[in-house]
Amino acid sequence: MRFLALLKKELRECLPWLLIAAIAFLVLGGLALRLMIQSGAPFRYPYHFSPGSTVNRYLLRASPLLSTTGVWLFFISIVLGLALGIRQFFIPHFSRTWGFTIHRSINKLTILCAKLFVAAIAFIISLGTVWLLIYWYASLPEILPFLPEPRLFIEGWILIAMGFTVYLGTALAGLSKARWYTTKVFPLAFVLVIIATTVSQWKLSTAFAVMIIGSLILLSQIIHTFLNREF
Amino acid sequence: MTETVLETYGLTKYYGGTLALDNMDLKIPRGCICGFVGRNAAGKTTAIKLMLGLLKPTAGSAKLLGCDSQNLTPAIRQRIGYVTEGHHLFHWMSIASLEKFQRAFFPKQWDDRFFSEMIEYFELPKNKKIKHLSHGQRAQVSLALALAPNPELLVMDDPTLGLDTAIRRQFLEGMIQLIMQQGRTVFFSSHILGDVERVSDRIVVIDKGVIRADCSLEQFREAVKKVKLSFSDCPPAQLDIEGLLHCRRSEKELELILIGTDDEKIKQWADSAAAIKYSIVKMNLEDQFIEFTAPPNHKKLFQWEKN
Amino acid sequence: MKLKRISKYIATPAGIFTTLLIFLFVLVFLQFFVTEIVILSLYKTRTEQSSGPDDPNSKMHRSAKNFLPDGTIHLVYVPDKYRYADKVYRKEQIFDANHNLLWQGLHKDNPYKYLSWPGWSRGFTANSMKEIRMITPMFSQTLEIPVNSQQRKVEQVWRYAPDMDIFVGYRFKTGIIGYAGSTGFTKSKDKARPFGRFENCYAWCPKDSFSPTLLWQTNRCIYQINFEKQRVDLLSQDHKDPIGRIRTHMWGHFSLDPEQFHISKKYRPIIHYSTKDGKHHLIMREPQQKLTITVPEDWKADSVKLTATQKNIFLKHQGGDTKLSAAPPGFSKQWNEWWRDYRSKPHKRWVELYKVDNQGNLELLNRFDWISPAQPVSNTLDPRLQIKGYVTGASPLAYDLAWSLFGDKLYRLAHQGHGISREYAGITGRYRPGNSIFNWILTVGMMGVAFWHGFSRRTCWGKFILWLVLVGLFNLAGLLTYLALNHTTVIKCSACGRRRGLEKLDCVRCGAELPLPQRRELDLLFKT
């Protein structure tokens, strides 16, 4: 019952961001897909192929029709991560409600778990569901000229996981007692490194491994800082 | 032997290189209403936060209801009510949702009727959001939230800060309600000595992180005295009276702040010092506190000149 | 309590790792930034003690050694100032093997038609495939080959599916129209066989088509895939050893450029590739022919070039007296020393031209020998490298330790890797600290600072020593990490008057506890 009360409270606090992210992605991502379909790509004639010519190797590359949708997913995921991290870990500091929150008849760790759980659910519900919807729509037989690769679906989840990693970095920055001009922003810099490393992977398993290891590094520090922090 | 609900042993806290709390030893028995007073930056909030485990001590320890403050279990926290300084609550919640939230943590202890009565008494609409309440109204909600679970120990950090006189009176009456229930202990910090005087039976005075007084209110009231003496000539240079805290001199007058000195001894000294007149000035608790915590050679900021 | 302790043992190293990593990146960035600004004002060119450009030896060494079809060798020398000019304006001097000047003038007026050699196919390599498959916000890409009509309309698109290693064909409104695998085009997905581990892909449009045809190289086979005609031709197959890089000449090339047009008339389309067993393979057209040539074991694959005119097949081999394979791994101190030593001495070089018969036998037509002059590398390091060497994040100790364990892997990653891992490896190689006494003094100095800072703050010797070791290994980055994570307060001990930390109750110097507060006699402390 106590945990539920905490969950409800956290969910209620994060709800506006959850909804904004879901609606924004649905509209922008869906619109991007719609525009791609209407543009007729890739069945527009590429004028750089002419008889007897050597074809530049990069002209054969093709982005999937969901590429612009993917860009929107990435940015909205990052923004959602920042927003949730700020809401859950910066705002209580500025509004001085940590004291009220911590003095609950419940374990400190449970308070933290409620926040993390709600954030995870937020990503899964708001972005994950919409991504599932968009991918399903794109996979319908007569929507796109050809079906999207199954791998794209997993890549979408990796982009969503990047947003969650940003959330963890923001959370750690919020909990850190360091000053802004010193190491307070280092968790966010570390998140940048994780994202840069993930983006350069071509194997899905390696990408997941990088994200998981990076997230675990951040998570361990979040737990330790939360349990030992002064409020 | 009376059970101790709140105790500290050598509790010390440094913020950087600044000593905020210096070796605080305290024992508050059950059923006591203890006023914790001190000037700004004396260390009151620091002490309270250390007791509740919100801060880590540099040295020493504290125990609440027999449990180490750094490891307060959920069961112990359930028995402690806490009113934070400034009454910061979740501004997006309404009073009703805040009640629901708080109730979830006290499933067996929560007194629905008491909370509703308190809210009615303070004339607060339950569906109003916290962010739309005034500071005083938030303080009332805060108190109601803290009292409704029937806590054994109520810890309040400057609960009447920023409240007007009427609201403060209501707040104190709410507190008295709780006090009237047996076995309840209240530990609160305040700047308003009048409030402390109204409700407390024990006073703890802290000054620059050091406990200066830890006694019953009566003992404090009796101990701190201001004596005004008039002389025909210059007052004596040497003041060898027992219990002298500090003094103020003018041409032919002397003002002494004495701690724990008998009236009889004051009279004897006045006679021996050849004072032509002396009087023991009646002080309220506020005046006593100011004099007790005034630094040595303290000068008044404003000197009124008589025309 | 237990959880607090467990979390401490995991979170503390995690925090140190995170902070150290970021400081290392920050330092690399600052190093780069500061170094480049300093170089702008202090730039000195490296001086090389070499013979000047007019020196006959140097001229000979720097001349291109071109062969005529009859085997005659010419040395084509381009003076320095024309070296990077467009070939229309490039002035050349042509000498024979005895250094007699035969001709000089503009490149376009050169009367001699030398043998033309295939270049490496600048195709789409395995690394390029990995790069486009990177998981970016725009999702991973793939290859798509359009089939265009003569009216320049896209009729079909064939998309490569890397996980299945086949091509899938689509028509605009019909959907999937077929699959292309190693066995050819088929309507059934089950019948399409994968091509094999992808190595390279080279594309061109045949002279009568608007649609690309692919030369598809795997580790064992070479295919030609024509999507318009829906044909997969297996040009070379099932080699026991993997196929190296392929060179192509006029294969699928048609150009209106006069020089290229002339070449296309005179030469047969050729694909030349080598396998690890040292054999060189040719696939030729006009007429179709395949040939395998065995060369001496000591010939490096890169030193052999093959070409085929309408009349003959030629092989060119370049060699020298020093085997570069003897060089130690790159980025190592030993490699630097080996390279300096190599450059400081003259070396014998030669180039040979062979005729190849239809059985793959070699007949030597001509050989030209010369001496490459010594080109000693100045001992004075580029100031850029000197600055990097002094202020780098890692200490010489840590760096050499890491390189002894991972040096080979990092070197390979920096040269053959892709994406950001290549960048990471490159950074590690680029910012190697110099192993000079100054660097060691810096390292000891930083450890000294950490010692001074931490001595009065220590809670236990073990932790303190570990931190000193970290600072010693990572120099500035280590020191900054230490300072960032160990900013505990110090106060003056009331007993001995020296600095002491607050993490421990007792003073680390004299053992005195924190002082008790000064109580006044008049404090009202009554125990009730």
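What follows is a walk through a predicted model of three chains, A, B and C, and the places where they meet.

Chain A is a good place to start. It has seven helices and two strands, and they come in the order α-β-β-α-α-α-α-α-α along the sequence. So much for the parts list; as for dimensions, the C-alpha trace of chain A spans about 75 × 35 × 30 Å along its principal axes. Of its 231 residues, 48% are buried. Contacts in chain A often link residues that sit a long way apart in the sequence: among those between residues at least 6 apart, 81% join residues at least 24 apart.

Chain C has its own mix of elements, with ten helices and 26 strands. It runs to 528 residues, and 29% of them count as buried. For contacts in chain C with a separation of 6 or more, 49% are between residues 24 or more positions apart.

Where do chains A and C touch? On the chain A side, 53 residues take part, and on the chain C side, 60 residues do. Several elements of chain A each supply at least two residues to its side of this contact: the strands β1 (54–55) and β2 (61–62), along with the helices α2 (67–94), α5 (150–175), α6 (186–199) and α7 (204–228). Sorted by class, the chain A side is made up of 31 nonpolar, 17 polar and five charged residues. There is also strand pairing across this contact. β1(A) is joined by two bridges to β12 of chain C (residues 198–204), and the two strands run antiparallel. Within that pairing, A:Thr54 has C:Trp204 as its bridge partner.

Chain C meets chain B as well. Here 22 residues of chain B are in contact with 14 residues of chain C. The chain B side draws two or more residues from each of β1 (4–15), β2 (18–29), β10 (210–216) and α8 (217–223). Of these, β10(B) gives the most, with seven residues. The chain B side splits into ten nonpolar, nine polar and three charged residues. β10(B) also pairs with a strand of chain C: it lines up with β26(C) (residues 524–525) in the parallel sense, over two bridges. In this pairing, B:Asp214 stands opposite C:Leu525.

Now for the inside. The largest nonpolar core holds 92 residues, and those touching the most other members are B:Met51, B:Leu64, B:Leu98, B:Ala144, B:Val155 and B:Val204. Helix α5 of chain B (residues 135–147) provides the largest share of this core, seven residues. B:Met51 is a handy residue to zoom in on. Leaving out residues up to four places away in sequence, B:Met51 touches B:Leu6, B:Thr8, B:Ala62, B:Leu64, B:Ser69 and B:Val155. A second core, separate from that one, has 84 residues, including A:Ala21, A:Ala22, A:Ala32 and A:Ala173.

Finally, how confident is the predictor about chain B? Its mean pLDDT is 87, and 93% of its residues reach 70 or more. Among the elements of chain B, helix α1 (residues 44–51) has the highest mean pLDDT, at 94, while helix α6 (residues 165–179) has the lowest, at 76.

Methods: Residues are numbered from 1 along each chain as its sequence is written. Chains are lettered from A and ligands numbered from 1 in the order in which they are written. This is a predicted model: local features need pLDDT of at least 70, side-chain atom pairs count only at pLDDT 80 or more; totals for chains, interfaces and linings use all residues. Two residues are in contact if their C-beta atoms, placed from the backbone, lie within 7 Å. Helices (H or I, at least four residues) and strands (E, at least two) are DSSP runs, numbered from the N terminus. Ala, Val, Leu, Ile, Met, Phe, Trp, Tyr, Cys and Pro count as nonpolar, Asp, Glu, Lys and Arg as charged, and the others, Gly among them, as polar. Two strands pair if DSSP finds at least two bridges between them. A nonpolar core is a set of buried Ala, Val, Leu, Ile, Met, Phe, Trp, Tyr and Cys residues joined through C-beta atoms within 7 Å. A residue is buried if 20 or more other C-beta atoms lie within 10 Å of its own, exposed if 12 or fewer, and partly exposed in between; C-beta atoms are placed from the backbone. pLDDT is the predictor's confidence in each residue, from 0 to 100.
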